[in-house]
Amino acid sequence: MIINTGQRTDIPAFYSEWFSRRLKEGFVCVRNPYNPEQVSRYRLSPDVVDVIGFCTKNPSPMFKYMDLLKPYGQYWFVTITPYGRDIEPNVPDKHKLIEDFKKLSQMVGKNSMGWRYDPIFISDRYTEEYHIHAFEQIASALHGCAETVVISFIDLFPKVRRNFPEAREVSKDQRLRLGKEMIKIASLHGMTVKPCAEGDELSEYGADCGGCMRISDYEKAIGKRLDAPKKKGARAECSCYLTCDIGAYNTCKNLCKYCYANAEPEIVLSQSRLHDPKSPFLIGNYSDGDKIHDVAQKSWVNGQMELSFV
């Protein structure tokens with residue numbers, strides 16, 4: 001099966017010690033965000049976990065724990081955008097992130113790496129020209145380290161509108177102009193653009209609009225076939241294969257203004273104070289009334305077939 005870590009928070013950046021303990025102890029507990037008394041307990045054993053998926057803006061805190069990850073298949077999305085601390089207050093320097101991306105690619109292989117340049121928004125500072133120039137610079141620096149770059153344009157969810165009231169939708173003309181240029185640039189540096197939940201409007205220009213995290217991506221990362229059960233995307237526009245996420249909302253201390261997983265900074269700071277690296281839960285611990293469900297898990301690897309890539 002597949003364990004995801006990055007839909008709700010940035011575990012490598014802020015909770016790497018906790019995650020390393022979970023790997024050592026072999027299980028993790030996750031509260032249902034809509035019914036907190038319902039707790040899912042997952043085994044973290046390579047016998048049943050085929051791939052661990054990461055999505056982070058700072059992978060380096062996990063580097064000292066990489067030996068713990070060797071028994072598992074891995075897929076890493078590392079987000080590198082051109083925004084400053086006015087938008088991403090606690091994201092490390094982008095030059096350091098580029099070097100960390102290269103280092104991680106050497107550790108796990110480029111088939112297990114994806115670069116995310118998202119979400120894209122337009123402002124007086126972050127113009128179309130600014131994005132094209134920044135995208136080219138980052139793509140050039142990452143040449144040979146990944147074959148996928150995911151882009152998306154900002155979605156004005158209620159949380160985003162509250163924390164980033166000056167944000168505006170990106171028009172279709174802007175999306176097409178930026179998308180076409182980014183597809184050209186990515187191609188020059190050995191990458192395919194995968195739009196995230198953006199429909200198929202960029203497909204005719206060479207984008208892969210079939211989803212940014214599909215079973216085939218996991219298979220390519222681990223070199224094995226997966227007999228995965230059918231599953232719907234997280235939302236209607238999403239074609240990705242996303243399974244159990246072990247993170248928690250309102251815990252990502254990057255505090256990016258465009259974030260859809262944080263309600264507001266004060267709640268994040270309050271929640272993060274409840275984090276105990278020794279707890280099975282990312283936030284807090286066992287509580288009276290918890291209804292713990294041991295999730296049925298099994299490997300999806302098809303033992304009869306393996307993939308090979310040149």
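**Entry 1: one pair of residues**

I started with F77 and found it standing opposite G114 in β6. Worth jotting down before going on: this is a predicted model. Next I looked up the strands around that pair. β5 and β6, which covers residues 113–120, pair in the parallel sense, and I noted four bridges between them.

**Entry 2: the other side of β5**

Then I checked how β5 pairs with β4. That pairing is parallel too, over six bridges. For a concrete example I picked T56, whose bridge partner in β5 is V78. A reminder to myself from the textbook: strands of a sheet pair through backbone hydrogen bonds, either parallel or antiparallel.

**Entry 3: is β5 buried or exposed?**

I went through β5, residues 73–79, one residue at a time. Seven of its seven residues are buried, so the strand is largely enclosed by the rest of the structure. "Buried" here means under 20% relative accessible area. I also looked at which way the residues point. G73, Y75, F77 and T79 go one way, while Q74, W76 and V78 go the other. That fits the general rule I wrote in the margin: in a regular strand the side chains alternate between the two faces of the sheet.

**Entry 4: the whole sheet**

Time to zoom out. I traced an open sheet of six strands, with parallel pairing, in the order β1-β4-β5-β6-β7-β8. The edges are β1 (2–4) and β8 (192–195), and each of them pairs on one side only. I looked up the twist as well: neighbouring strands are turned by 20° against each other on average, ignoring direction.

At the β1 edge, I found three bridges joining β1 to β4, residues 51–56, with the two strands running parallel. One spot I marked there is N4, which stands opposite G53 in β4.

**Entry 5: two helices**

Last stop was α5 (residues 128–141) and α7 (residues 172–188). How do their axes lie? They come within 10 Å and cross at roughly 20°. Angles under 35 degrees count as roughly parallel, and α5 and α7 are therefore roughly parallel to each other. I also noted that α5 passes α7 in a right-handed crossing.

Which residues meet there? From α5 I listed E128, H131, I132, F135, E136 and A139. On the α7 side they meet Q174, R177, L178, E181, M182, I185 and A186. Sorted by class, I get seven nonpolar, two polar and four charged residues in this contact.

Notes:
Residues are numbered from 1 along each chain as its sequence is written. This is a predicted model: local features need pLDDT of at least 70, side-chain atom pairs count only at pLDDT 80 or more; totals for chains, interfaces and linings use all residues. Side-chain values use heavy atoms; hydrogens and water are left out. Two strands pair if DSSP finds at least two bridges between them. Axes are lines fitted to C-alpha atoms, for helices over the stretch in contact, and angles run from 0 to 180 degrees between N-to-C directions. Angles under 35 degrees count as roughly parallel, over 145 as roughly antiparallel, 65 to 115 as roughly perpendicular and the rest as oblique. A crossing is left-handed if the near helix is turned anticlockwise from the far one by less than a right angle, and right-handed if clockwise. Contact means heavy atoms within 4.5 Å. Ala, Val, Leu, Ile, Met, Phe, Trp, Tyr, Cys and Pro count as nonpolar, Asp, Glu, Lys and Arg as charged, and the others, Gly among them, as polar. Buried means under 20% relative accessible area, exposed over 50%, partly exposed in between (1.4 Å probe, protein chains only).
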